[in-house]
Amino acid sequence: MDILDEFDINIIKELEKDGRMAYSAIASNLKISNTMVHHRINRLTEQGILTGIKPVINEKKVGYDWGSFTGITLNKDQDSNRIIEELKKVPEITECYYITGSFTLYIKIIAKDHEHMRKILYEKIDNIPGIAKTDSIIELGCAFKRNVSL
């Protein structure tokens with residue numbers, strides 16, 4: 001049995017157009033009942049397929065002009081859970097991934113300017129016990145960002 005059927009996929013596509021769209025508008029567009037839309041969205045949420053409907057903030061419009069992708073090398077990889085909890089306390093870190101290769105973790109940092117970025121790296125991240133080193137690549141702009149195609 002497929003996890004998503006055609007109705008689920010079409011409902012998700014409608015929400016991608018406008019996450020604030022009323023269930024009745026989705027139902028009208030897809031020519032299905034409002035109740036069906038409501039039940040499907042609830043099920044998709046309960047299954048963890050939809051993890052929420054939230055605003056997408058244009059970071060540059062709110063003053064965050066700098067971004068970096070930063071690889072983190074740990075002294076001991078088994079400390080990663082503790083270090084991740086510390087990284088969560090840094091509001092400018094917007095994403096964190098486990099990766100293979102030269103680093104243990106890879107994070108996305110946003111900052112207002114180069115001085116703000118330096119303070120995040122040197123005063124916040126480098127002071128977390130267990131982090132051996134960081135290596136950053138400065139982001140020059142997002143070419144595109146999207147959900148996986150269903």
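**Exercise 1. Work out how helix α1 passes helix α2, and describe their contact.**

Solution. Let's start with the handedness: α1 passes α2 in a right-handed crossing. Keep in mind that you are looking at a predicted model.

Step 1: find the two axes. Those of α1 (residues 6-17) and α2 come within 10 Å and cross at roughly 125°.

Step 2: name the orientation. Angles from 65 to 115 degrees count as roughly perpendicular and those over 145 as roughly antiparallel. The crossing angle therefore makes α1 oblique to α2.

Step 3: list the residues that touch. From α1 come N10, I11, E14 and L15, and from α2 come I26, N29 and L30.

Step 4: sort them by class. The contact of α1 with α2 has 4 nonpolar, 2 polar and 1 charged residues.

**Exercise 2. Now do the same for α2 and α3.**

Solution. Step 1: locate the helices. Helix α2 covers residues 23-30 and helix α3 residues 34-46; their axes come within 8 Å and cross at roughly 115°.

Step 2: name the orientation. The two helices, α2 and α3, are therefore roughly perpendicular to each other.

Step 3: add the handedness. Here α2 passes α3 in a right-handed crossing.

Step 4: find the partners. On the α2 side, Y23, S24, I26 and A27 meet N34, V37, H38 and I41 of α3. Sorted by class, the contact of α2 with α3 has 5 nonpolar, 3 polar and no charged residues.

**Exercise 3. Find what is unusual about the backbone of K31, and decide whether K31 is buried or exposed.**

Solution. Step 1: recall the general pattern. Most residues other than glycine have a negative phi.

Step 2: look at K31. Its phi is positive, about 60°, although K31 is not a glycine.

Step 3: place K31 in the chain. You will find K31 in the loop between α2 and α3.

Step 4: check the surface. The relative accessible area of K31 is 75%. Exposed means over 50%, so K31 is exposed.

**Exercise 4. Show where the buried residues of helix α4 sit around its axis, and say what covers them.**

Solution. Step 1: pick out the buried residues. In α4 (residues 80-87) they are S80, I83, I84 and L87.

Step 2: look down the axis. These residues cover an arc of only 105° around the axis, so they lie on the same side of α4.

Step 3: look for the cover. The elements over the buried residues of α4 include the strands β1 (66-74), β2 (93-98), β3 (105-111) and β4 (131-139), together with helix α5 (114-125).

Terms used
Residues numbered from 1 in each chain as written. Predicted model: local features only at pLDDT ≥ 70, side-chain atom pairs only at ≥ 80, totals over all residues. Heavy atoms only, no water. Axes fitted to C-alpha atoms, helices over the stretch in contact; angles between N-to-C directions. Helix = DSSP H or I, 4+ residues; strand = E, 2+ residues; numbered from the N terminus. Parallel < 35°, antiparallel > 145°, perpendicular 65-115°, else oblique. Left-handed = near helix turned anticlockwise from the far one by under 90°. Contact = heavy atoms within 4.5 Å. Nonpolar A, V, L, I, M, F, W, Y, C, P; charged D, E, K, R; others polar. Buried < 20%, exposed > 50% of the residue type's maximum accessible area, 1.4 Å probe, protein only. Arc of directions from axis to C-beta.
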